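Me: I have just opened this one and would like to go through it with you. Could you explain the terms as we go?

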Amino acid sequence: MQYDLAYYESKQDRCLLAFTQSEFEMAYTICTPLANLGFKDAQLITGLLYAYGQGVDKDLNRAKIWLKEALKNGREEAAQALTQFDLD
């Protein structure tokens with residue numbers, strides 16, 4: 001599958017911005033498709049949204065899945081989140 005990396009990086013920046021501005025429903029809408037494509041920052045944010053129940057129903061099982069994916073892809077902050085939510 002080939003895609004325009006700059007386009008998706010721009011979407012990931014918007015995902016992070018929405019999360020930091022507490023626009024959680026928007027963050028979920030933008031981040032989840034990116035997480036599915038393997039973008040580690042979006043995976044981290046999606047995991048955190050599920051863990052906190054912000055913008056989506058709280059689901060610690062899904063949080064664990066996304067946080068582990070983010071960690072596997074090199075997003076070290078995911079390890080802290082896994083520990084914080086007793087998911088490790």
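Me: What makes a side chain count as positive or negative here, and how many of each are there?
Reply: Lys and Arg count as positive, Asp and Glu as negative, while His and the chain ends are not counted. By that rule the protein has 9 positive and 13 negative side chains. Each charge is placed at NZ of Lys, CZ of Arg, CG of Asp or CD of Glu, and the centres of the two sets lie 4 Å apart. Bear in mind that this is a predicted model, where local features need pLDDT of at least 70, side-chain atom pairs count only at pLDDT 80 or more, and totals for chains, interfaces and linings use all residues. Residues are numbered from 1 along each chain as its sequence is written, and side-chain values use heavy atoms, with hydrogens and water left out.

Me: How many helices and strands are there, and what makes a stretch count as one?
Reply: Both are DSSP runs numbered from the N terminus: a helix is H or I over at least four residues, a strand E over at least two. The protein has five helices and zero strands, so its elements run α-α-α-α-α from the N terminus on.

Me: Why is the pair Cys 15 and Cys 31 called a disulfide?
Reply: A disulfide is a pair of cysteine sulfur atoms within 2.5 Å. The sulfur atoms of Cys 15 and Cys 31 are 1.7 Å apart, so the pair qualifies. The structure holds one disulfide. This pair links distant parts of the chain, with Cys 15 in helix α1 (residues 5-20) and Cys 31 in helix α2 (residues 24-36), 16 residues apart.

Me: Which hand does this disulfide have, and why?
Reply: The torsion about the S-S bond of Cys 15 and Cys 31 is about 105°, so the disulfide is right-handed.

Me: Is Gln 12 buried or exposed, and how do you know?
Reply: Buried means under 20% relative accessible area, exposed over 50%, and partly exposed in between (1.4 Å probe, protein chains only). Gln 12, in helix α1, has 10% relative accessibility and therefore counts as buried. Cys 15 and Cys 31 are both buried too.

Me: What does Gln 12 contact, leaving aside its neighbours within four places in sequence?
Reply: Contact means heavy atoms within 4.5 Å. With those neighbours left aside, Gln 12 is in contact with Leu 34, Phe 39, Lys 40, Asp 41 and Ala 42.

Me: Why is Arg 75 called buried or exposed, whichever applies?
Reply: Arg 75 has a relative accessible area of 18%, which is under the 20% limit, so Arg 75 is buried. Arg 75 lies in the loop between α4 (60-72) and α5 (77-84). Leaving aside neighbours within four places in sequence, Arg 75 is in contact with Lys 40, Asp 41, Leu 44 and Ala 70.

Me: And what about Tyr 52: which class does its relative accessible area give?
Reply: Tyr 52 has 42%, in between the two limits, so Tyr 52 is partly exposed. Tyr 52 sits in helix α3 (residues 40-52) and touches Gln 84 and Phe 85, not counting residues up to four places away in sequence.

Me: What makes the phi of Asp 86 worth a look?
Reply: Most residues other than glycine have a negative phi. The phi of Asp 86 is near 55°, a positive value in a residue other than glycine. Asp 86 lies in the segment after α5 and, at 67% relative accessibility, counts as exposed.
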